[in-house]
Amino acid sequence: MNVNQLQRTSSYLYQADAGKIKQRLQQTEKSSAADKHRRDSTVISEEGRRALEEKMSVIERMKQKKEVGKLLPFSYGASGIQNDFEKIMSELGSGSVPDALVTKDYSQESVDALKARFEKAEGAGTGTFDSYVNKMASAYQLLKERIEEKYAAPDRQKEYYAEEDGSIQELTKEKELEMLDKAYETHSRFMAVSTQIWSELQDFKARTVYHSGGLEKETAAVKKQSTDRKEQAYHAFMDAINEKNSRLLKQEKGSLSNFRLDFGISSSARNALNGIWDYYANLKH
């Protein structure tokens, strides 16, 4: 099975997604520059001036109490942990996501050690889907542990980030875990849709019949089955990080390529998902 081709494809998807993120950031910077120019050439109202003075007063009081802490870059509030998660997934698949788009608020050594546990043994059987879900759950666990360790540190410095409405908020453990959950779910939905597309490609090639009338019914059946596969894949992704599977991952000390988590789906559905991913991994691009 040519797993490298799937990894290269995943890398391309990450690069494409990262390119879009970078483009949005550049557009934001241009918009911010234009807004700054307009603000600089505008007379501040009395009400605005009072609000600004009050805000500066609050900041000054925080400085005196040594509570200012660290203000994270704008990208963190928007998609910092999302980019970190994608970066780790990319590295586990030998891909590449630009460092400029991530916070890199984790140990590179821990990612390298995790990657080594996914090196496939010579002659190992198929199971591309299982292995990929294991990577997702492991990346999630790595970032979750990083968050928990950070907030358990007695000398932790307070951190602040910008909300979408522009307000500055203190970063909390609960907020970071919420961001991580959102990042994981976003990736899960994307990969579930990808699984559906691959399923349609596989089924279309295997089932299409070239006669009038039969084709329409056959196509409808293919779409229904591929939609089922999407839901099964999403269910497996989300179940992979439940409490039971988290314990299993922590207890396992060996290779994770063929390690089997409990996905909460039938054996036949699991085999079908692995078949779809194995098929896609062997496609000639």
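Let me start with a term. A residue is called buried when its relative accessible area is under 20%, exposed when that value is over 50%, and partly exposed in between. The model on the screen is a predicted one.

Take valine 193. Its relative accessibility is 38%, so valine 193 counts as partly exposed. Valine 193 sits in helix α6, which covers residues 173-207. On the surface, Val193 joins Ile197 and Leu201 in a nonpolar patch. Together these three residues have about 240 Å² of accessible area.

Now the whole chain. There are nine helices and three strands. In sequence order the pattern reads α-α-β-α-α-α-β-β-α-α-α-α. The chain has 285 residues, and 36% of them are buried. The exposed area of the chain is about 16,800 Å², with 51% of that supplied by carbon and sulfur atoms.

On to contacts. Counting those with a separation of 6 or more, 72% are between residues 24 or more positions apart in the chain.

Last, helix α5, residues 128-152. How far apart are its end C-alpha atoms? They are 36 Å apart, and at 1.5 Å a residue the 25 residues of α5 should span 36 Å, so the two values agree. As for cover, 20 of the 25 residues of α5 are buried, and therefore the helix is largely enclosed by the rest of the structure.

To recap the two cases: valine 193 in helix α6 is partly exposed, while α5 is largely enclosed, because 20 of its 25 residues are buried. That is all from me.

Definitions and conventions
Residues numbered from 1 in each chain as written. Predicted model: local features only at pLDDT ≥ 70, side-chain atom pairs only at ≥ 80, totals over all residues. Heavy atoms only, no water. Patch = residues over 30% accessible without salt bridge, like charges linked within 9 Å, V, L, I, M, F, W, Y side chains within 5 Å. Areas by Shrake-Rupley, 256 points an atom, 1.4 Å probe, with all protein chains shown as cover. Salt bridge = Lys/Arg side-chain N within 4 Å of Asp/Glu carboxyl O. Helix = DSSP H or I, 4+ residues; strand = E, 2+ residues; numbered from the N terminus. Buried < 20%, exposed > 50% of the residue type's maximum accessible area, 1.4 Å probe, protein only. Contact = heavy atoms within 4.5 Å. Expected span 1.5 Å × (residues − 1).
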